[in-house]
Amino acid sequence: MNPTIELLKSHRSIRKFTEQKIPHELLVELIRAGQGAATSSHVQAYSVIHVTKPENRETLAELAGGQGYVAGASDFLVFCADMKRPTEAAERTGANVVRGMTEQLLVASIDVALMAQNVAIAAESEGLGICYIGGIRNNPAAVSDLLRLPKHVYPVFGMCLGHPAQDPDIKPRLPVEAVLKEDTYCDDREQVEAFDATMRAYYQARKGGNKDANWSQNLTPLFDSKLRAHMRDFLIERGFEMK
């Protein structure tokens, strides 16, 4: 297997970092690598906020649910879906711009996710560790105010970056047979049940803490309540009316 595929398959979320800093020149190169990702119609509907002020990092750590590594990582980035830049650029050409379309929300959210994953892969290729922080969406309005995000821009997730101070196990993924389907969708309950057994064994044996649970059980809190129900109203307020 080639080194790129091996790198992709070796991803772990890193939540403990050394005090070693990432050179700014390297950080810029990681962002440039992110910009190399595919983007819908070359819209490039993303912006990245590099949060450097310690007090802002501490605030974001709390807003994200008390995740201390947000403050402790060498660098912290907030990846934002940005429809302000492309719509205003089109408007300056004389276009009668229509805003608030669901497709615009999808384009911007997908663009920024693809861009961020390029950053993550580039960082890991340099021996750095990363951790995505979806908890940014716990309090998106407060995050937006702190970062002074304008209308038509919203924070999708954060990313911790730094030199790893831990060596966690690689978490198993679903069998490829469960996710790769030929021609039509087919039931994958058998593969899920096998994966539940795999995950239970992983949780009981992993370094740094174990628990008696499987994959399906871990999904329960994500789907037995309205998770982040505030996001719809927040997105509408930000100008993503989802027409």
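**Notebook: aromatic pairs and backbone angles**

I looked up Phe240 first and found this residue buried, at 2% relative accessibility. The model I am reading is a predicted one.

I then searched the whole structure for aromatic pairs and obtained five. In one of these, Phe240 meets Tyr154 edge-to-face, with 5.6 Å between the centres and 80° between the planes. This pair links distant parts of the chain, as Tyr154 belongs to strand E4 and Phe240 to the segment after H11, 86 residues apart. I checked Tyr154 as well and noted that it is buried, with a relative accessible area of 6%.

I next examined Phe195 and Trp215, which form an edge-to-face pair at 5.7 Å centre to centre and 70° between the planes. Phe195 is in helix H9 and Trp215 in helix H10, so their contact ties together parts 20 residues apart in sequence. Phe195 has a relative accessible area of 3% and is buried, whereas Trp215 is partly exposed at 28%.

I also recorded a cluster of Phe79, Tyr132 and Phe157, linked by ring pairs.

For charges over rings, I noted Lys181 over the face of Tyr185, 4.5 Å from the ring centre. Lys211 lies over the face of Tyr203, also with 4.5 Å to the ring centre.

Lastly, I turned to backbone angles. Most residues other than glycine have a negative phi. I found that His152 has a positive phi of about 75°; this residue lies in the loop between helix H7 and strand E4 and is buried at 16% relative accessibility. Arg228 also has a positive phi, near 45°. I located Arg228 in the loop between helices H10 and H11, where it is partly exposed, with a relative accessible area of 24%.

Notes. Residues numbered from 1 in each chain as written. Predicted model: local features only at pLDDT ≥ 70, side-chain atom pairs only at ≥ 80, totals over all residues. Heavy atoms only, no water. Helix = DSSP H or I, 4+ residues; strand = E, 2+ residues; numbered from the N terminus. Buried < 20%, exposed > 50% of the residue type's maximum accessible area, 1.4 Å probe, protein only. Phe/Tyr/Trp six-rings, centres within 6.5 Å; stacked < 30°, edge-to-face > 60°. Lys NZ or Arg CZ within 6 Å of the ring centre and 35° of its normal.
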